[in-house]
Amino acid sequence: MEDGSTKVLKDIEIGDKIKTDNGYNSVLAKTEISKQMVYQVKTKSGKILKMSKLHTVPVYDNLGNIIDEKNISGGLSVGDLIYTND
């Protein structure tokens, strides 16, 4: 959150400001989705990311430039560089 706090995803409301690749942006809409299988992605640094198979994450090159967006069902693979805030 913009004030440095955190919220569980289900508690984020329209109008909240959340951290994105482009700074902090306001949530404009909220969509309810059905329960989905949750996958764990473990980074080289040991951080665990939990996501659905359709959750998209930006993939970076070695210079820090976003080169693609991938998800588990769409090509995210071992060796892809993804951002984490650890």
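A salt bridge is taken here as a side-chain nitrogen of Lys or Arg within 4 Å of a carboxyl oxygen of Asp or Glu. By this rule, the predicted model has a count of four salt bridges.

**Exercise 1.** Determine which residue pairs with Lys30 in a salt bridge, and where the two partners lie along the chain.

*Solution.* The partner of Lys30 is Glu13, and the closest N and O atoms of the pair are 3.9 Å apart, which satisfies the criterion because the cut-off is 4 Å. The pair links distant parts of the chain, since Lys30 sits in the loop between β2 (23-26) and β3 (39-42), while Glu13 belongs to the segment before β1 (17-20), 17 residues apart. As to exposure, Lys30 is partly exposed at 36% relative accessibility, and Glu13 is partly exposed at 43%.

**Exercise 2.** Decide whether Lys70, which meets Asp80 in a salt bridge, is buried or exposed.

*Solution.* The N to O distance between the side chains of Lys70 and Asp80 is 3.3 Å. Lys70 lies in strand β6 (residues 66-70) and Asp80 in the loop between β6 and β7 (81-82), ten residues apart, so that the pair links distant parts of the chain. Buried means under 20% relative accessible area; Lys70, at 17%, therefore counts as buried, whereas Asp80, at 22%, counts as partly exposed.

**Exercise 3.** Classify the exposure of Lys10 and of Asp11.

*Solution.* The side chains of Lys10 and Asp11 meet in a salt bridge, at 3.4 Å from N to O. Exposed means over 50%, so Lys10, with 63% relative accessibility, counts as exposed, while Asp11, with a relative accessible area of 36%, is partly exposed.

Methods
Residues are numbered from 1 along each chain as its sequence is written. This is a predicted model: local features need pLDDT of at least 70, side-chain atom pairs count only at pLDDT 80 or more; totals for chains, interfaces and linings use all residues. Side-chain values use heavy atoms; hydrogens and water are left out. Buried means under 20% relative accessible area, exposed over 50%, partly exposed in between (1.4 Å probe, protein chains only). Helices (H or I, at least four residues) and strands (E, at least two) are DSSP runs, numbered from the N terminus.
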